[in-house]
Every structure is written in structure tokens, then in C-alpha cells.
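Please find below some comments on the model, set out as numbered points. They go through strand pairing, charged contacts, aromatic rings and the nonpolar core in turn.

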Amino acid sequence: MSRDVTIFLRSSQRYPQQEPEEIELTVHGKLYFRGGSFFVSYEESAMTGMEDTRTTLKVEPGRVEIIRTGKNHSRLCFQEGLRHESPYRTPYGLLQLATVTHSLTSRMGQDGGALEIHYQVELDGQLASENHLQIEVRP
């Protein structure tokens with residue numbers, strides 16, 4: 001059974017030799033539990049540049065996946081201290097993307113919770129950005 005939730009997102013990206021970019025947004029979505037994992041899903045908007053895309057967070061102990069479907073397709077995996085590679089399909093083509101997770105904190109339950117992830121993104125083997133993502137989920 002899913003539950004309606006409000007999702008507060010705060011993200012900062014630091015690109016090489018550029019000023020950091022910060023985004024804060026509040027969206028409405030769903031929270032549900034299935035197969036031992038919590039899922040949080042919401043529709044992206046023009047504000048993030050990913051309209052027509054559904055984002056789903058799969059939260060397990062020590063592991064978080066961000067799964068995007070629709071106009072943008074990707075599956076990013078975060079586990080502290082690990083590097084994960086995955087293809088990243090955009091309307092402009094396919095990129096080879098990797099995430100390296102520096103730290104991950106998550107607490108999620110039937111009534112919501114919070115995530116915090118510090119990670120870097122590599123595109124085609126080159127550092128693209130250093131990132132900090134905070135997500136809070138409330139009923």
C-alpha cells in the first residue's frame with residue numbers, strides 16, 4: 001500500500017572550475033514498502049530539466065538507488081566507499097556514468113525519513129562533479 005508524501009530535496013553540484021550549483025525543491029509523491037525495500041517516487045518537473053521523467057528512490061540498509069524512467073533513463077547506485085557504473089540515457093544520447101559514494105546516511109520507515117549522500121559523478125571516466133544530496137520524506 002502506498003502513502004502520499006511530501007518530498008523535500010536539496011542538491012548541490014560542484015563542477016570543476018565552476019561555481020557550485022544548488023537546487024532546492026518540494027514535490028509530492030508516494031512512499032511504499034515492497035520486497036524488503038522502501039520506495040519513494042515522484043514526477044520530475046521543468047525546474048530540474050527532466051520533465052516527463054519519473055524518479056524512484058529504492059532505499060535498503062546501506063544502499064540507495066535512484067531510478068529514472070520516461071524521457072530520461074538511468075539507474076544510479078550508492079553504497080558508501082564503492083564505485084558503481086551504469087549507462088545514462090538522455091534525449092541526446094547514451095553516456096557511461098559512474099558514481100563514487102563518499103558517505104551515505106539513510107533512515108526510512110512507514111512514516112517517511114531522510115537520506116543524505118555525498119558522492120562524485122564521473123562521465124566516460126572523467127570527474128564531472130562532486131555532489132551532496134539531502135532528501136526528507138514526510139507524510
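1. In this predicted model, strands β5 and β6 run antiparallel and are joined by five bridges. The two strands form a hairpin with two residues between them, and within this pairing Val 64 stands opposite Phe 78 of β6.

2. On the β4 side, β5 is again in an antiparallel arrangement, with eight bridges joining it to strand β4, which covers residues 53–60. Thr 55 has Arg 68 of β5 as its bridge partner. The hairpin of β4 and β5 has two residues between the strands, and Gly 62, which lies in the turn, has a positive phi of about 75°.

3. Which residues are linked with Glu 65 in a network of salt bridges? The network holds Lys 58, Glu 60, Arg 63, Glu 65 and Arg 75, and a search of the whole structure finds 12 salt bridges. Side chains of opposite charge can pair when their charged atoms come close. Within the network, the side chains of Glu 60 and Arg 63 meet with an N to O distance of 3.5 Å, and Arg 63 also meets Glu 65, again at 3.5 Å from N to O.

4. The salt bridge between Glu 65 and Arg 75 has an N to O distance of 2.6 Å. Because Glu 65 lies in strand β5 (residues 63–70) and Arg 75 in strand β6 (residues 73–78), this pair ties together parts that are 10 residues apart in sequence. The pair can therefore be read alongside the hairpin described in the opening point, in which β5 and β6 are antiparallel.

5. Are the members of this network buried or exposed, taking Glu 65 as the case to settle? Glu 65 has a relative accessibility of 6%, and so it counts as buried, the cut-off for that class being under 20%. Its partner Arg 75, at 45%, counts as partly exposed. Arg 63 is likewise partly exposed, with a relative accessible area of 24%, and Glu 60 falls in the partly exposed class at 22%.

6. Strand β1 (residues 3–14) has two pairings that deserve a remark. With strand β2 (residues 21–34) β1 runs antiparallel, and 11 bridges join the two, one of the residue pairs being Asp 4 with its bridge partner Lys 30 in β2. In the hairpin of β1 and β2 there are six residues between the strands, and Gln 17 takes a positive phi near 55°. With strand β10 (residues 126–138), β1 pairs in the antiparallel sense over nine bridges, and here Leu 9 stands opposite Ile 135 of β10.

7. Ile 135 also appears in the account of the nonpolar interior. The largest nonpolar core has 28 residues, and those with the most contacts inside it are Ile 7, Met 108 and Ile 135. Leaving aside residues up to four places away in sequence, Ile 135 touches Ile 7, Phe 8, Leu 9, Leu 57, Gly 113, Ala 114 and Leu 115. The contact list of Ile 135 thus includes Leu 9, the residue that stands opposite Ile 135 in the strand pairing.

8. The count of aromatic pairs comes to three. In one of them, the rings of Tyr 32 and Phe 39 have their centres 5.1 Å apart and their planes at 10°, so the pair is stacked, planes under 30 degrees apart being counted in that class. Phe 39 has a further neighbour, since Arg 34 lies over the face of its ring, at 4.9 Å from the ring centre. With a relative accessibility of 8%, Phe 39 counts as buried.

9. A last point concerns Gly 112, which is found in strand β9 (residues 112–123). Its relative accessibility is 11%, and Gly 112 therefore counts as buried. Not counting residues up to four places away in sequence, Gly 112 touches Leu 31, Arg 107 and Val 137. Gly 112 and Val 5 are 107 residues apart in sequence, while their C-alpha to C-alpha distance in space is 7.7 Å.

Terms used:
Residues numbered from 1 in each chain as written. Predicted model: local features only at pLDDT ≥ 70, side-chain atom pairs only at ≥ 80, totals over all residues. Heavy atoms only, no water. Helix = DSSP H or I, 4+ residues; strand = E, 2+ residues; numbered from the N terminus. Buried < 20%, exposed > 50% of the residue type's maximum accessible area, 1.4 Å probe, protein only. Contact = heavy atoms within 4.5 Å. Salt bridge = Lys/Arg side-chain N within 4 Å of Asp/Glu carboxyl O. Pairing = 2+ DSSP bridges. Phe/Tyr/Trp six-rings, centres within 6.5 Å; stacked < 30°, edge-to-face > 60°. Lys NZ or Arg CZ within 6 Å of the ring centre and 35° of its normal. Core = buried A, V, L, I, M, F, W, Y, C linked by side-chain atoms within 4.5 Å.
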